[in-house]
Amino acid sequence: MVSDETTKMVVLAESSPILPSELALRAYELSTDAVVKETCYGLIVTGSEKSVDETIKELRKLDPSGIFVKDRGFPPGDSRRCRAVRGGGPRPGFHQLERESNILPNISYGLENIEEPSDVKGREKRKKLTIDRFIEIIEEQSKEDVNG
Amino acid sequence: MVKILVYPSNSLILADLVARFGHEPLTMMRVIRRKIKEVGIDSPPINVTPEDPKRGLKYAAVDVPSGVRGRMALLDPLIEEAEAAIIVHEADYSFGCMGCARTNELAKYVIRNKDIPRLELVYPTNDDEAREFVRKIRDFCKSLTSTAEVTA
């Protein structure tokens with residue numbers, strides 16, 4: 001393992017016209033030292049910090065507002081994270097990625113139209129579940145369990 | 001370049017936007033990488049070093065659940081290094097057990113008490129909110145750049 005080895009995730013917004021396979025092809029064309037793994041959401045790029053940064057800088061040019069990048073602690077295929085070894089189920093970190101992927105098109109739009117004036121109305125604060133409603137849910141659920 | 005602590009500390013959007021606007025995001029992923037790469041540390045979960053409990057105890061007393069102290073031990077290097085912070089509220093994915101919930105509260109409290117520039121936002125739900133969200137982060141990053149130049 002290279003001492004300054006780093007891993008980054010390249011995530012595509014749903015609104016991006018680019019496909020993960022196109023990203024992977026472009027990364028191969030660059031022929032840097034970085035190792036690339038194609039995934040459903042984009043790519044995992046791993047290698048020396050310099051080569052990873054170089055690869056990502058070039059990849060971003062394909063769709064500057066639709067490509068998002070973050071660090072990843074574990075290298076690709078690491079047995080402590082890889083689902084192939086862990087016997088299925090969501091990979092740790094999947095839920096975070098899934099939740100944020102849903103709003104990436106909005107962020108992408110925000111980046112493209114950052115200078116336009118906006119008219120954001122104050123959002124209503126989320127109400128908490130009342131105790132009475134919570135008791136009702138528990139009762140409904142326990143009835144279903146008894147009957148079902 | 002200013003080191004900006006982002007919270008939730010594993011956020012893709014925050015890490016990307018901070019880096020995009022020219023600063024260094026402090027994220028949980030780099031702490032994890034250090035943990036798994038350091039020579040002499042076993043695989044998780046057997047990777048607790050004698051230093052970790054001490055780090056956790058900086059923020060919470062010994063009778064506080066170990067889950068909170070353990071999480072705070074991981075966040076400690078980020079809090080220590082932070083020169084500015086961006087906190088985003090209503091992150092559905094950081095919902096979890098009491099360990100997660102209390103750590104979220106404690107971490108935000110510790111960051112608020114630290115004398116550093118801070119931006120607090122809510123996760124956007126539509127295009128307009130997202131535009132406002134991005135703009136606020138950009139303006140915050142810009143203001144940090146000008147402050148850093150003045151200080152230097």
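Which residues does Leu30(A) touch, not counting residues up to four places away in sequence? Here are some notes on this predicted model, beginning with that point.

1. Leu30(A) touches Thr55(A) and Glu58(A), once residues up to four places away in sequence are left out. Leu30(A) itself sits in helix α1 of chain A. With 15 other C-beta atoms within 10 Å, Leu30(A) comes out as partly exposed, because a buried residue would need 20 or more. For a contrast in space, take Lys121(A): it is 91 residues from Leu30(A) along the chain, and their C-alpha atoms are separated by 45 Å.

2. Next to look at is Ser31(A), in the loop between α1 and β2 (35-38) of chain A. Its phi is positive, about 45°, although Ser31(A) is not a glycine. Ser31(A) counts as exposed, with 8 C-beta neighbours inside 10 Å.

3. One of the contacts of Leu30(A), Thr55(A), brings us to helix α2 of chain A, where Val52(A), Thr55(A) and Leu59(A) are buried. These residues cover an arc of only 65° around the axis, so they lie on the same side of α2(A). As a reminder, an α-helix has 3.6 residues a turn, so residues three or four places apart point the same way. The buried residues of α2(A) pack against β1, α1 (20-30), β3 (42-48) and β4 of chain A. The helix covers residues 49-60, and its 12 residues reach 16 Å from the first C-alpha to the last, close to the 16 Å expected at 1.5 Å a residue.

4. Strand β4 of chain A (residues 67-72) deserves a look too. Here 6 of the 6 residues are buried, so β4(A) is largely enclosed by the rest of the structure. Its pairing with strand β1 (residues 5-12) of chain A is antiparallel and runs over 6 bridges. To find the register on screen, place Met9(A) opposite Lys70(A) in β4(A).

5. Now for the contact between the chains, which takes 28 residues from chain A and 30 residues from chain B. On the side of chain B that touches chain A, the elements giving two or more residues are α1 (12-20), α2 (28-37) and α6 (127-151) of chain B. The largest share comes from α6(B), with 10 residues. By type, this side of chain B divides into 14 nonpolar, 11 charged and 5 polar residues.

6. Helix α1(B) is mostly covered, with 8 of its 9 residues buried. Among them are Leu12(B), Asp16(B) and Val18(B). After the helix comes Gly22(B), whose phi is positive, near 90°. Val18(B) is also one of the residues with the most contacts inside the largest nonpolar core, which has 58 residues; Val10(A), Leu5(B), Val6(B) and Ile86(B) are listed with it. Leaving out residues up to four places away in sequence, Val18(B) touches Ile4(B), Val6(B), His23(B), Pro25(B), Ile86(B) and Cys141(B).

7. Two backbone details in chain B are worth checking by eye. Tyr7(B) and Pro8(B) are joined by a cis peptide bond, with omega about 5°, and Pro8(B) is in the loop between β1 (3-7) and α1 of chain B. Glu90(B), in the loop between β3 (84-89) and α5 of chain B, has a positive phi near 60° and is a residue other than glycine. Glu90(B) counts as partly exposed, with 14 C-beta neighbours inside 10 Å.

Key: Residues numbered from 1 in each chain as written. Chains lettered and ligands numbered in written order. Predicted model: local features only at pLDDT ≥ 70, side-chain atom pairs only at ≥ 80, totals over all residues. Buried ≥ 20, exposed ≤ 12 C-beta atoms within 10 Å, placed from the backbone. Helix = DSSP H or I, 4+ residues; strand = E, 2+ residues; numbered from the N terminus. Pairing = 2+ DSSP bridges. Expected span 1.5 Å × (residues − 1). Arc of directions from axis to C-beta. Contact = placed C-beta atoms within 7 Å. Nonpolar A, V, L, I, M, F, W, Y, C, P; charged D, E, K, R; others polar. Core = buried A, V, L, I, M, F, W, Y, C linked by C-beta atoms within 7 Å.
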